[in-house]
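Got your viewer open? Load the model below and keep the selection box handy, and we'll walk through it stop by stop.

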Amino acid sequence: MAQRGMGKDGHEPNRRKGRKSRHPDGADPGPVGRAVRFVVLGTAGLVWRILWRVGLVGAAVLALATGYYYSQLPAPGVLFDGRGGGSVTMLDRHGNVFAWRGEQYGGELRATEVSPHLIHAVVSAEDRRFWDHPGVDVRGLARAMLVNLRAGRVVQGGSTLTQQVAKNVFLTAERSIERKLKEVPMALALELKYDKEDILSIYLNRVYLGAGTFGFEAASQRYFGKSARLLSSAEAAMLAGLLRAPSRYAPTSDLERAQGRASVIIRLMEEEGYLTQAQVTEALASPAELSAAAAARAGGYFADWVMETAPGFLAKDTTEDVTMATTFDPEIQRKAEAALARVFAEKVKEGSTAQAAIVVMSRDGAVRAIVGGREQGTGQFNRASQALRQTGSAFKPVVYAAALEAGWSPNDIVEDAPLTIGNWSPSNYDNRFRGPITLTDALANSINTVAVRVSEQVGRERVAAMATRLGITSPIAPGPAVALGTSEATLVDMTGVYATIANAGGSAAPYGIREIRLRGEDLPLMRGDAAVGEQVIAPRSAALLTYMMREVIEAGTGRRARLPGREAAGKTGTTQAARDAWFIGFTADYVTGVWMGNDDNTPLTGVTGGGLPAEIWREAMLAIHEGIEPKPLRLESPGPGSLLMAGGASSLGGADTVVERVFNDVLRGLLGGGGGGDTRRGGDFRPNTSDR
């Protein structure tokens, strides 16, 4: 029996036999080789042990962070509306939506309810592996990190839809490595807490899609006038295209660019198998188009004005979703804009910096249209409601209203002659004087000296009080030049003054809101309809003044504003050096005000109120009255006879003037008229204001 460990032949076997040598050449590596080998193997082992421990710690931290965020997540529906404020939706006079303000949210929308095309478009554009990954797409992250390292900055996100939801719920839009790291446990928590449909529902409701819209339901209503439940493949692709850059691809700013982006997403939908070749061909041949309201983009200036005038807690500061029914008429707005554009195209030199504004309202003060400038859009400077400009002779009806209320008659005669008050001497536009002239002719021909004499006789305080009663909300300038429109006012206020005259003297304060409701509520929070207004001036005074203002158009400075076959009344106005030019007038149906000027207050060239503003007014009113049967104005012709109400003295305040004042006061007292004039001198006298 062979001994243990011995070969059959009794010899010890060669244990190295049959083994490969550690060194092919059979040479010993020596102490240096062995040392290098020891260091390399030792370092590798150390690194492995460190990485293993770091990985273990990292996994523990990730698990703890994921658990923390998991515990913070509520039911998915609570996360649908992530806005910080409310919204305002405006309806025109016919009940159709025409403008949106604030942060729009269309209401709760679940992924199972929307058009399948929208789900396919979003997934194709943003996260093709959404249904497969656990919230984080490792391949996508690695690709994004490589791109960012090469660029030296963050240029690609690589986020999954789940990570984008995590960012919207917990984080800000800041691009940084730190935010990216935080997204991972948040996304894992979302995937553990909710199913894929819930995550997608949160995303569809919270994402910002431009024009103040949050969520696809609001965006679908904003751009297409329909629910996201009814979107076609082309419409869904256009909305999904907004996700990359809402402002750049907003169809309201550049429809062609939005359609181009949508075509890219349609191709992606085809690659993912969501659309057939035939469906792709159809979608590309019939790209999405904006709804009529979105395409019109009408009423921007009107909507801005409503937001200015509405109570702040229901407008710009609202935390609720508010619906405002307004007085806006989109057809009248379109016609006013077209009239302004046509006159500027045909009558104004190319490159002119002149601006213009238009306000159209009904006789009760309901504003139907506002054109705040030649440019369109929202958030622009609104020259109709925000610009305070001197009114010039457009203010003179206020002076004559005060006189008529004091017992004067349109047939009363006043001297058109040189006049000096203190160190101020007003002149007429044509630098000539006509002698004795009736109030009607003086207004029709915009005679400055007569307006000043009447104002001084009636009393500046009465004129200022009348201006306030008629609806001018800005301060009234002191001094005798107030009669010539040195006070500043907005076009909205001045048009409201004329509306009160057209409304038989009943207050017609401009308003744009009919009622305000909270979304989903049946009862309105407030109403803004015109109530029975205070009688600002007597109906007869308003009728006599309307007669005088009709003569402005029939035989005076406003002849360019004549409307064939329709009675109209109005007044021109041009301020010193033609810095402002006005025409405001009315028919039995509508009151319209037009202003022209430069934003920097430099003079206009060759423009008076009876020129281009009157032509713009005429063009707008002809279009606005299409299909409306002509109606007579509420006017009254004065009876025969006249009084010499003020003589031709060269200076008010002399002996002749005192006699005239006493004589006129006695006559007015006998005839039932009002008191005398205000002989105060001084004040803020301004340079001569020549006006028509």
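This tour goes from aromatic rings to charges over rings and ends at a strand and its partners. Bear in mind that the model is predicted.

**Stop 1: aromatic pairs**

The structure holds eight aromatic pairs. Start by selecting Tyr208 and Phe214: their ring centres are 5.0 Å apart, with 55° between the planes, and the pair is tilted. Tyr208 is partly exposed, because its relative accessibility is 36% and the partly exposed class runs from 20% to 50%.

Next, pick Phe302 and Phe328. How are these two rings arranged? Their centres lie 5.1 Å apart and their planes meet at 50°, so this pair is tilted. That label applies because the angle is neither under 30 degrees, which would be stacked, nor over 60, which would be edge-to-face.

Now colour by secondary structure. Phe302 is in helix α12 (residues 300-309), while Phe328 is in the loop between β5 (321-326) and α13 (330-347), so the pair ties together parts 26 residues apart in sequence. Buried or exposed, what is Phe302? Phe302 is buried, at a relative accessible area of 0%, and Phe328 is buried with a value of 0% too.

Keep those two selected and add Phe98 and Trp305: Phe98, Phe302, Trp305 and Phe328 make up one aromatic cluster.

**Stop 2: charges over rings**

Jump to Tyr70 and show Lys193 as sticks. The charged end of Lys193 sits over the Tyr70 ring, 4.7 Å from the ring centre. Then go to Tyr249, where Arg261 lies over the face of the ring at 5.9 Å from its centre.

**Stop 3: strand β6**

Select residues 355-362, which is strand β6. How many of its eight residues are buried? Eight of the eight are, so the strand is mostly covered, with buried meaning under 20% relative accessible area.

In a regular strand, side chains alternate between the two faces of the sheet. To see the two sides here, colour Gln355, Ala357, Val359 and Met361 one way and Ala356, Ile358, Val360 and Ser362 another; both faces of β6 are covered.

**Stop 4: the neighbours of β6**

Bring up β16 (residues 590-597), which pairs with β6 in the antiparallel sense over eight bridges. Zoom in on Ser362 and you'll find Tyr590 of β16 standing opposite.

Then show β7 (residues 367-371), which is antiparallel to β6 and joined by four bridges. Here Ile358 stands opposite Val371. Finish at the hairpin of β6 and β7: there are four residues between the strands, and Gly365 takes a positive phi near 100°.

Note on methods
Residues are numbered from 1 along each chain as its sequence is written. This is a predicted model: local features need pLDDT of at least 70, side-chain atom pairs count only at pLDDT 80 or more; totals for chains, interfaces and linings use all residues. Side-chain values use heavy atoms; hydrogens and water are left out. Rings of Phe, Tyr and Trp (its six-membered ring) pair if their centres lie within 6.5 Å; planes under 30 degrees apart count as stacked, over 60 as edge-to-face and the rest as tilted. Buried means under 20% relative accessible area, exposed over 50%, partly exposed in between (1.4 Å probe, protein chains only). A charge sits over a ring if NZ of Lys or CZ of Arg is within 6 Å of the ring centre and within 35 degrees of the ring normal. Two strands pair if DSSP finds at least two bridges between them.
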